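Colleague: I would like a close look at one part of this protein, the place where two helices meet, and then a walk outwards from there. Could you take me through it slowly?

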Amino acid sequence: MNKPLRAVAIFCGLLVLGLLIRANWLQYVRAPELASDTENRRVQIEQFATPRGDIVVGGRAVTGSKETDSTDLKYKRTYVDGPMYAPVTGYASQAQGMTLLEKTYDSILTGKDDRLAFQRFADVVSGEGRRPGSVVTTIDPKAQKAAWDGLTDLKGARGAVVALDPQTGKVLAMVSAPSYDPSVFAGNTFKESDQFVALDKKKNKPLANRALRETYPPGSTFKILTAAAALEHGIVTDVDARTDAVSPYPLPQSTNKIGSEAGDAVCNKASMKTAMQYSCNNVFLDAASQLGQEKMRETAEKFGFNEDVYSDDFGDLLATKSLYPEDLDKPGTALTGMGQGSLTSTPMQMAMVTAGIANDGKVMQPYVVDEVKGPDLDTLEKTEPAVMSEAVSAETAQKVQEMMEFTAKEGSARRAQIDGITVGGKTGTAQRGVDVNDEVPYGWFVSYGKKDDGSSVAVAVFIDPTDMDISREDISGGGLGAPIAKSVMQAVLKS
């Protein structure tokens, strides 16, 4: 072979080798990445080629599928009571992608999960076509409706409600308002895309998941955690004993003095139980100041602050972290004792704190998926309750319960009382803005209910009254949030 011909042969051989390497690289190395790439049209065509599986609440599917006029995206998603369940289901849209349960369990809901491989083979042989699995949630439909009705009855309110089973961590209700109907933009028409854009531009943020993804100062509801920290670390040993906390309270390293709505006569040197009853700021400011930032943060973290509420295994259900900041100065630390300052929390996190107190100090990992089932309703995955942390001792938690139950009987949480149910509660009004008079405050309410048979529920209610026709004086967690919490607890424990 002459020299030029040899060079051409070698060059062609190298080209063929390069093609083989490239083909194998795409087929075996990049295949998983390309198969899940949202820009891959074939992935989207396959996702919507068949009806999606069900997301189930209380034995009833709250999702469905219907045929479209599209030539390649054959089915689109439908939703039952879409706005009420949107913070749980998320959306599966041909144009906008997927969120929450729809995204996390997409492989099950489309029948492409590896655990369904044998079933897919059997379906091909039988000619049935690909069949999807289903996702069974922990949501209690009565509790969800009570939470939704309670929030939407407050005309113009933005807010969220989370209800947990303290003993297992099951999410019994998770509502955010205002909300959206995922059905209206489930397809890929121009009209549906315009609907999504319009929702996204709304000032009241209907697409936001306030239960999981938005954080706010928790206000006086955080006082139950401050009380737990003070008892756990021995700052307070007798909840009925008078304290040395004067009212108004002089903020450390500051000329500012902080009073309480109940007045100095009630709050001056009050016991912790009385301070909880009337939500006296001074006692909790003083407790946090004595504890210091490290002990306060340590207790907050045991209840879930600064931690992922869901592990990465839960995909798009990961909640925004609630934050107890590091390196706080003395006045900043004192302010966290009453739930203000740099402290932020999701409604989910405050439900976890309340559930942990109700469960004798044991915080359970929240979960919203009870079971994952195959096409023939065989169980592929079952969530087992898991302890997230032993936040405080049972003795400490029971003393906080004593104070919360006294507050529900004789104090600011009276509107949550239910005949035949042991109720503990705490109100909260959280200021916001550099000048607290610039913006209307948030309203919070946390509570738990227990029956003699051992069943229980913990609830956190958050209300942003920015768009409500209400005077500043009428904004309170007890007035706005307690009736909602009561109806949710009744739905769970009286059904």
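At what angle do H10 and H13 pack, and how far apart are their axes?

Modeller: Happy to, and please keep in mind that this is a predicted model. The axes of H10 and H13 lie 8 Å apart and make an angle of about 75°. Angles of 65 to 115 degrees count as roughly perpendicular, so H10 is roughly perpendicular to H13.

Here are the side chains to click on. H10 brings Lys223, Leu225, Thr226, Ala227, Ala229 and Ala230 to the contact. From H13 come Asn281, Phe284, Ala287, Ala288, Leu291, Met296, Thr299 and Ala300. Sorted by class, the contact of H10 with H13 has 10 nonpolar residues, along with 3 polar and 1 charged.

Two of those names lead us onwards. Phenylalanine 305 is in contact with Leu225 and Ala300, and its other contacts include Phe222, Leu323, Tyr324, Leu343, Met350 and Val353, leaving aside neighbours within four places in sequence. Ser322, Thr344, Ser345 and Gln349 are also among the residues that phenylalanine 305 touches. Phe305 belongs to the largest nonpolar core, which has 113 residues. Within that core, Phe305 is one of those that touch the most other members, a group that also has Met272, Phe303, Met348, Val400, Val459 and Ile463. Helix H17, residues 477-493, gives the most to this core, with 9 residues. A second core, separate from this one, has 11 residues, among them Phe48, Tyr79, Met98 and Leu199. As background, nonpolar side chains tend to be buried together in soluble globular proteins.

Next, the loops on either side of our helix pair. After H10 (223-232) comes a loop that leads to strand S10 (249-250), and proline 248 is found there. The peptide bond between serine 247 and proline 248 is cis, with omega about 0°. The loop between H13 (281-302) and helix H14 (330-336) holds asparagine 306. Asparagine 306 is not a glycine, yet its phi is positive, at about 65°. Asparagine 306 counts as buried because its relative accessibility is 18%, and the cut-off for buried is under 20%.

Leucine 377 makes a good companion case. Its phi is also positive, near 65°, in a residue other than glycine. Leucine 377 sits in the loop between strand S13 (369-373) and strand S14 (379-382). With a relative accessible area of 58%, leucine 377 is exposed.

Finally, let us visit a sheet. Five strands make up an open, antiparallel sheet in the order S9-S8-S18-S17-S16. S9 and S16 (422-430) are at the edges with a single partner strand each, so one side of each has no neighbour in the sheet. Neighbouring strands here are turned by 10° against each other on average, direction ignored. S8 (residues 158-164) pairs with S9 in the antiparallel sense over 6 bridges. Glycine 159 has alanine 177, in S9, as its bridge partner. Alanine 177 is also joined to proline 178 by a cis peptide bond, with omega about -5°. Proline 178 lies in the loop that runs between S9 (171-177) and helix H9 (190-201). At the other edge strand, helix H16 (residues 394-410) lies across S16 and S17 (442-450), and runs at about 80° to S16.

Technical notes
Residues are numbered from 1 along each chain as its sequence is written. This is a predicted model: local features need pLDDT of at least 70, side-chain atom pairs count only at pLDDT 80 or more; totals for chains, interfaces and linings use all residues. Side-chain values use heavy atoms; hydrogens and water are left out. Helices (H or I, at least four residues) and strands (E, at least two) are DSSP runs, numbered from the N terminus. Buried means under 20% relative accessible area, exposed over 50%, partly exposed in between (1.4 Å probe, protein chains only). Axes are lines fitted to C-alpha atoms, for helices over the stretch in contact, and angles run from 0 to 180 degrees between N-to-C directions. Angles under 35 degrees count as roughly parallel, over 145 as roughly antiparallel, 65 to 115 as roughly perpendicular and the rest as oblique. Contact means heavy atoms within 4.5 Å. Ala, Val, Leu, Ile, Met, Phe, Trp, Tyr, Cys and Pro count as nonpolar, Asp, Glu, Lys and Arg as charged, and the others, Gly among them, as polar. Two strands pair if DSSP finds at least two bridges between them. A nonpolar core is a set of buried Ala, Val, Leu, Ile, Met, Phe, Trp, Tyr and Cys residues joined through side-chain atoms within 4.5 Å.
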